[in-house]
Amino acid sequence: MNALVYHGPGMRAWEEVPDPVIVEPTDAIVRIDMATICGTDLHILKGDVPETTPGTILGHEAVGTVVEIGSAVTTIEPGDQVLVSCITACGRCRFCKEGHYGLCSGGGGWIFGHTIDGLQAEFARVPFADTSVYKIPEGLTPEDVIFLADILPTAYEVGVLNGGVQPGDTVAVVGAGPIGLATIMTAKLYTPGRVIAIDLADARLAKAAEFGADVTINNGVEDAVARVMELTGGLGADVAIEAVGVPETFELCTSLIRPGGRVANVGVHGHSATLHLEKLWIQDVTITTGLVDTITTPQLMKLIEARRLDPTPFATHHFALGQTEEAYDVFAAAAETHALKVVLTAEPVPLLPEGEHERAVNPEAAAV
Ligand SMILES: NC(=O)c1ccc[n+]([C@@H]2O[C@H](COP(=O)([O-])OP(=O)(O)OC[C@H]3O[C@@H](n4cnc5c(N)ncnc54)[C@H](O)[C@@H]3O)[C@@H](O)[C@H]2O)c1
Ligand SMILES: [Zn+2]
Ligand SMILES: [Zn+2]
C-alpha cells in the first residue's frame with residue numbers, strides 16, 4: 001500500500017510500504033476512505049515530537065471501512081464504516097474506566113501517527129478496535145463526521161466543558177485556527193451571552209465571525225484586555241479559552257477573565273508560561289489543561305445526525321489520498337492558502353470477499 005511516511009525533521013514522502021496486518025486479536029484493519037491533516041502533524045515534521053521516530057506513518061484522523069478483524073473483536077465487522085479517532089482506548093485500564101481515554105495506560109491514548117503507524121495511508125491497523133472506533137450512522141457521509149476525529153471533541157471537552165461554559169456567559173476564545181473555531185462552534189451549544197474571538201490574523205477573525213463569534217479583536221492592533229474589560233463593564237470574561245499554545249496567549253487568557261472566572265487551556269505548549277499567582281491568588285480563578293479524551297464523540301455524532309451541528313465548513317480544500325504531499329504544502333501555508341482543514345479522499349473501492357480485500361486498491365485510481 002501507499003502511505004505518508006515521516007523520515008525525520010522536514011522530510012516526508014507518500015511512498016510504498018508493507019500492508020498492515022493484524023498483530024493482536026483486538027486489532028482491526030481498516031481501508032482509509034477519508035483522512036485529514038492536523039497542526040500536530042506539522043509539529044512532528046518540524047521535529048518537535050521526538051517520540052515519533054523516522055519511518056512512522058503520520059496521521060490520526062480518519063474514516064475507514066473495516067476489512068479484517070482480529071479474533072477477539074465482536075462489535076464491528078468487515079464492511080462497517082467507522083470513525084477512527086485520534087485517541088485509542090484499551091477500555092481496561094484505570095483511566096479508560098474513568099472515561100479518561102487520553103490518559104490510557106494500557107497501550108492506548110494518542111498513538112496513531114505518534115508512537116505507532118497512523119492513518120494517512122491506504123490501510124491502517126487499529127488497536128483495541130472494539131473500544132476505539134465509532135460506527136457511522138446511516139445517512140451520514142465521511143465528510144460529515146471526519147472532524148469528530150480530533151478538533152470537535154478537543155475543542156468541546158478541553159475548551160468548552162473544562163471551561164464550564166454556562167448560558168449567558170461571555171466567552172473569550174484566543175486563537176481562531178481550527179481548534180479555536182471548533183471551540184466557538186461547540187460553545188454555541190451552551191447559548192453563551194457573547195463569544196469574543198481574538199487572533200492576530202484578520203482572515204481567521206473573519207472565519208470566527210462566520211462560525212458565530214459576536215465580537216472579533218485583532219490583538220496585534222488593539223489592546224485585547226482593554227477591549228474585553230470595556231465590553232464586560234470592567235469585570236472580564238467568564239471564561240477564556242486558550243487555543244494557540246504560546247506563553248503570551250496563556251498569559252493573556254489569565255488577564256481576560258473576571259474574578260471567579262475560568263481559563264481552559266487547549267493549546268499544546270513547547271515553552272514555559274508565567275502564572276501570575278501574585279495577582280491571581282485572590283481572584284478565585286480556575287485553570288484547566290488537558291489532552292482530549294474523545295468521550296463526547298458519541299454525543300457530538302448525535303448532534304451531527306440531528307443536524308444541530310455541521311462541521312463541514314472546516315473543509316476548505318480537497319485532495320485525493322494519493323495527493324497527500326500537495327495537501328501538506330497547502331495546509332502548511334495556511335496564511336496564504338487560508339486552509340482550515342484539508343480533506344484527503346480515497347477512490348471508492350468495492351469490498352471483495354474475505355481474504356482478497358486488502359490488495360484491491362488501485363494506486364493509480366487513488367492518485368486522480
Ligand atoms: N489539548 C489537546 O488535546 C489538543 C488537540 C489538538 C490540538 N491542540 C492544540 O491547539 C492549538 C490550536 O490548534 P490549531 O490547529 O487551531 O492551530 P493553528 O496554528 O491553526 O491556529 C492558531 C491560531 O492562533 C493565532 N495566533 C498565533 N499567535 C497568536 C497570538 N499571540 N495571539 C492571538 N492569536 C494568535 C494564529 O493566527 C492562528 O489563527 C495548538 O497548540 C494545537 O497543538 C490541542
Ligand atoms: Zn490532531
Ligand atoms: Zn486504557
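1. In this predicted model, the side chain of Asn 219 places an N or O atom 3.0 Å from a nitrogen atom of ligand 1. Val 266 also comes 3.0 Å from a nitrogen atom of the ligand, here through a polar backbone atom. On the oxygen side, a polar side-chain atom of Arg 204 lies 3.0 Å from an oxygen atom of ligand 1. The protein buries 81% of the 870 Å² that ligand 1 exposes when taken alone.

2. Ligand 1 is surrounded by 21 residues, and the closest are Ile 179, Asp 199, Asn 219, Val 244 and Gly 290. By class, the shell holds 10 nonpolar, eight polar and three charged residues.

3. The zinc ion (ligand 3) has four cysteine SG atoms as its protein donors, from Cys 90, Cys 93, Cys 96 and Cys 104, at 2.3 to 2.5 Å. Along the chain these donors follow the spacing C-x2-C-x2-C-x7-C. Of the four, Cys 96 and Cys 104 can be noted as buried.

4. What is the arrangement of the four donor atoms around the zinc ion (ligand 3)? It is tetrahedral, because the angles they subtend run from 102 to 117 degrees, and the class requires all angles to lie between 85 and 135 degrees.

5. Two backbone angles deserve a look. Most residues other than glycine have a negative phi. Phe 128, however, has a positive phi near 45 degrees; this residue sits in the loop between strand S6 (123–126) and helix H3 (129–132).

6. Thr 191 also has a positive phi, about 50 degrees, without being a glycine. Its loop joins helix H6 (178–187) and strand S9 (194–199). Thr 191 is exposed, with a relative accessible area of 56%.

Methods
Residues are numbered from 1 along each chain as its sequence is written. Chains are lettered from A and ligands numbered from 1 in the order in which they are written. This is a predicted model: local features need pLDDT of at least 70, side-chain atom pairs count only at pLDDT 80 or more; totals for chains, interfaces and linings use all residues. Side-chain values use heavy atoms; hydrogens and water are left out. Donors are N, O and S atoms within 2.8 Å of the metal (3.2 Å for Na, K and Ca); water is not among the atoms, so sites may look incomplete. Four donors count as tetrahedral if all angles lie between 85 and 135 degrees; four count as square planar and six as octahedral if opposite donors are over 155 degrees apart and all others between 65 and 115; anything else is irregular. Buried means under 20% relative accessible area, exposed over 50%, partly exposed in between (1.4 Å probe, protein chains only). Helices (H or I, at least four residues) and strands (E, at least two) are DSSP runs, numbered from the N terminus. A residue is near a molecule or strand if one of its heavy atoms lies within 4 Å of it. A polar contact is a pair of N or O atoms within 3.5 Å; within protein, one must be able to donate a hydrogen and the other to accept it, and residues adjacent in sequence count only if both atoms are side-chain atoms. Accessible areas come from the Shrake-Rupley method with a 1.4 Å probe; for residues, only the protein chains shown count as cover. Ala, Val, Leu, Ile, Met, Phe, Trp, Tyr, Cys and Pro count as nonpolar, Asp, Glu, Lys and Arg as charged, and the others, Gly among them, as polar.
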